[in-house]
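These exercises ask you to read a structure step by step, with a worked solution after each task. Please look at the sequence and the model before you begin.

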2 protein chains.
Amino acid sequence: MDMEQVNSMDFGEFVDVFGNVIERCPLIAAAVWSQRPFSGLEDLEKHFSAFIDALPQSGQEGILRCHPDLAGRELQRGTLTAESQREQSSAGLTSLGAEERLQLAELNARYRARFGFPFVLAARLRDRDAVLRELARRLHRPPAQELRTALGEVKKIGRLRLADLLGGDPARL
Amino acid sequence: MDMEQVNSMDFGEFVDVFGNVIERCPLIAAAVWSQRPFSGLEDLEKHFSAFIDALPQSGQEGILRCHPDLAGRELQRGTLTAESQREQSSAGLTSLGAEERLQLAELNARYRARFGFPFVLAARLRDRDAVLRELARRLHRPPAQELRTALGEVKKIGRLRLADLLGGDPARL
């Protein structure tokens, strides 16, 4: 897909294609459409990030709350979005043993109780040991710092999804 | 459902129940959860409205772009949300004749081209003649005024959906 095609999309087409760049937040793609034309992947990415940064804190937390737990109930039930399913699978989270799954579930629950949103991480860039290590580490950080880190992960996930859609090289990003 | 139940929900339960109060924008319910506890329906409604009002214009337009056309492609395809399906049906939009459907499709396309978002109206409060009349009338208004009117309709839809969920009397609202 080249940028000329992207820039010629009406909002319905644009939301169909980019609606899940930010997990379960088609509102953000629908808002970003207002900023067209886009000069390229980085420009598009910049507008997604700027929209997130401009939200009040409750909205930023809202974005995080639209994300599923890693290796959580939605994975078990098969109700993940296609993108999440692929990402969790590539980090090895779809093939955990019972003990690892339990350990992750317990850490996820503690994280949610402490911060009021689920643990979000660009899983595709890590393996499962790194996911568990990161979760245990981030669980103890100050809430304001953790919100910033989590939103940074949302943006990384978005960048990788944009690169998939536009045929870019995610290793270069 | 009483407010004690609502106020005891974790964010996952809250988004499951209230995620479509604003059509296809679970982010907004997820953000509103930050404001709990709620004193009642009106208080909840106030927080949904305040979040919408605080968005930049691109975000407000984004909300509108997450709405389906009235009697449009999604109704034909059966891909409307359950709430939209019920609302469009109660306005008689699911049983239009071919000519009316064509007329509506043509007006919807002109509206989208002019404003950059679809025509949104609390369909449940109107019959199909009123829907067509309103669309023809709003098509010619200044964009800034029309954005305000459309967001007012989003809030009316949200109020009715909240009343459904909480067992309130929509006639009183």
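How many aromatic pairs does the count come to over all chains? The count comes to 14 aromatic pairs over all chains, where rings of Phe, Tyr and Trp (its six-membered ring) pair if their centres lie within 6.5 Å, and planes under 30 degrees apart count as stacked, over 60 as edge-to-face and the rest as tilted.

Before going on, note that this is a predicted model, in which local features need pLDDT of at least 70, side-chain atom pairs count only at pLDDT 80 or more, and totals for chains, interfaces and linings use all residues. Residues are numbered from 1 along each chain as its sequence is written, chains are lettered from A and ligands numbered from 1 in the order in which they are written, and side-chain values use heavy atoms, with hydrogens and water left out.

**Exercise 1. Classify two ring pairs.**

Task: decide how the rings of A:F14 and A:F38 are arranged, and then do the same for B:F14 and B:F18.

Solution. Begin with A:F14 and A:F38, whose ring centres are 5.8 Å apart and whose planes meet at 20 degrees, so the pair is stacked. This pair links distant parts of the chain, since A:F14 belongs to helix α2 (residues 11-18) of chain A while A:F38 is in the loop between α3 (26-32) and α4 (41-54) of chain A, 24 residues apart; helices here are DSSP runs (H or I, at least four residues), as strands are (E, at least two), numbered from the N terminus. Both A:F14 and A:F38 are buried, a word that stands for under 20% relative accessible area, with exposed over 50% and partly exposed in between (1.4 Å probe, protein chains only).

Next take B:F14 and B:F18, where the centres are 4.7 Å apart and the planes are at 40 degrees, so the pair is tilted. Here both residues lie in helix α2 (residues 11-18) of chain B, four residues apart, about one turn of the helix. An α-helix has 3.6 residues a turn, so residues three or four places apart point the same way. B:F14 and B:F18 are both buried.

**Exercise 2. Follow a residue in a ring cluster.**

Task: describe where A:F115 lies and what A:F115 touches.

Solution. First, ring pairs link A:F115 with A:Y111, A:F117 and A:F119 into a cluster. Second, A:F115 is in helix α8 (residues 98-115) of chain A, and A:F115 is buried, with a relative accessible area of 9%. Third, leaving aside residues up to four places away in sequence, A:F115 touches A:R138, A:L139, A:R141, A:P142, A:P143 and A:E146, contact being heavy atoms within 4.5 Å. The C-alpha atoms of A:F115 and A:L139 are separated by 8.6 Å, although these residues are 24 apart along the chain.

**Exercise 3. Check a helix and find its neighbours.**

Task: test whether the length of helix α4 of chain B agrees with its number of residues.

Solution. The expected span of a helix is 1.5 Å times one less than its number of residues. For the 14 residues of α4 (residues 41-54) of chain B this gives 20 Å, and the end C-alpha atoms are 20 Å apart, which agrees. The buried residues of this helix include B:L41, B:L44, B:F48 and B:I52. Its buried residues pack against α5 (57-65) of chain A, together with α1 (3-7), α2, α3 (26-32), α5 (57-65) and α10 (143-166) of chain B.

Turn then to α5(B), where eight of the nine residues are buried, so this helix is largely enclosed by the rest of the structure. What covers those buried residues includes α2, α3 and α4 of chain A, together with α3, α4 and α10 of chain B.

**Exercise 4. Inspect the backbone.**

Task: look at the peptide bond from A:R36 to A:P37 and at phi of A:A71.

Solution. Most residues other than glycine have a negative phi, and most peptide bonds are trans. The bond from A:R36 to A:P37 is cis, with omega near 0 degrees, and A:P37 is in the loop between α3 and α4 of chain A. In chain B, a cis bond likewise joins B:R36 and B:P37, with omega about 5 degrees. A:A71, which is not a glycine, has a positive phi of about 55 degrees; A:A71 lies in the loop between α5 and α6 (73-77) of chain A and counts as buried at 5% relative accessibility.
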